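Hi everyone, thanks for coming. I'd like to walk you through one model today, so let's put it up on the screen.

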Amino acid sequence: MENFLKIAISAAEKAGEIQRSKVYGNVGISFKGENNLVTEVDKESEKLIVGIIKEAFPDHDILAEENSYNFLGSRYKWIIDPLDGTTNFAHGFPWFAVSIALEMDKEVVLGVVYHSMMKEMFTAIKGKGAYCNGNKIKVSDHTPLKSSLLATGFPYDRTWKNENNFKNFLNFQMAARGVRRTGSAALDLACVAAGRLDGYWECKLNPWDVAAGKLLIEEAGGNVTDYSGKPYSIYDNHILVSNGIIHKEMLEILANQE
């Protein structure tokens with residue numbers, strides 16, 4: 001597993017170098033859908049990451065945001081978001097990340113989230129704890145909810161679909177100390193793992209948005225469920241994470257969702 005982690009860290013760092021070098025230039029914006037940006041740097045970062053992983057592990061499967069890859073039926077599947085926070089990147093707002101996870105026998109066993117601009121490398125191996133730049137991290141002990149800092153995000157179809165997270169956002173703004181909307185699910189999850197945020201919820205995410213971050217939080221001692229409190233899969237539609245102490249209060253707020 002340490003060799004897998006070494007490759008993931010190397011790929012994330014190299015992608016981060018590309019992102020730092022190009023964030024304030026012409027990033028070549030196009031659209032995958034209304035409000036859903038993609039840049040040439042997303043594509044370049046993914047090509048680099050997949051190339052590094054495939055060179056080391058040619059028989060492994062790949063699930064990534066920007067392209068489809070041949071399914072090989074491997075017990076190993078790498079789940080990759082080459083640039084989480086593309087809208088931030090496209091606007092030169094320095095809050096975006098590389099997210100790489102490894103699923104083995106349908107269970108996420110390794111996760112890396114790299115904050116490209118701050119050069120913070122969050123890592124986790126199942127059963128071995130969570131770390132930031134080699135230092136062990138853990139979730140906060142803040143309680144109750146009214147003294148907690150949360151984060152969330154909104155789906156790309158928020159302007160024309162009923163499930164847009166607006167009501168939940170308002171409810172949590174009233175119930176918590178504050179709610180942040182940073183634009184990178186991977187970094188939000190990493191910040192909960194590091195105790196910088198106390199909780200996070202969001203809907204309509206993809207596996208590559210949450211796979212690495214979910215493991216980080218679990219290894220840092222936090223709680224990850226769906227909106228009803230049931231165990232969460234990275235293929236589910238709703239994610240709720242917390243330091244564990246405020247989880248019940250957050251569930252009660254979400255019970256009053258749309």
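When I say buried, I mean under 20% relative accessible area. Please keep in mind that this is a predicted model.

Let's begin with helix α6, residues 207-219. Its 13 residues reach 18 Å from the first C-alpha to the last, close to the 18 Å expected. How many of those residues are buried? The count is 12 of 13, so α6 is mostly covered by the cut-off I just gave. The buried set is P207, W208, D209, V210, A211, A212, G213, K214, L215, L216, I217 and E219. Just after the helix, G221 has a positive phi of about 95 degrees.

Now to the nonpolar cores. The largest has 36 residues, and V113, Y200, L216, I239 and V241 have the most contacts inside it. Elements giving two or more residues to this core include β5, β6, α5, α6 and β14. The largest share, 8 residues, comes from α5. Take V241: leaving out residues up to four places away in sequence, V241 touches L189, V192, G199, Y200, I217, N223, V224, H247 and M250. There is also a second, separate core of 27 residues, with A8, L102, M104 and V109 among them.

Last, the cysteines. Why is C132 not bonded to C191? The closest cysteine sulfur to that of C132 is in C191, 8.9 Å away, and that is too far for a bond. The total is 0 disulfides. Both cysteines are buried, C132 at 8% relative accessible area and C191 at 7%.

Definitions and conventions
Residues are numbered from 1 along each chain as its sequence is written. This is a predicted model: local features need pLDDT of at least 70, side-chain atom pairs count only at pLDDT 80 or more; totals for chains, interfaces and linings use all residues. Side-chain values use heavy atoms; hydrogens and water are left out. Helices (H or I, at least four residues) and strands (E, at least two) are DSSP runs, numbered from the N terminus. The expected span of a helix is 1.5 Å times one less than its number of residues. Buried means under 20% relative accessible area, exposed over 50%, partly exposed in between (1.4 Å probe, protein chains only). A disulfide is a pair of cysteine sulfur atoms within 2.5 Å. A nonpolar core is a set of buried Ala, Val, Leu, Ile, Met, Phe, Trp, Tyr and Cys residues joined through side-chain atoms within 4.5 Å. Contact means heavy atoms within 4.5 Å.
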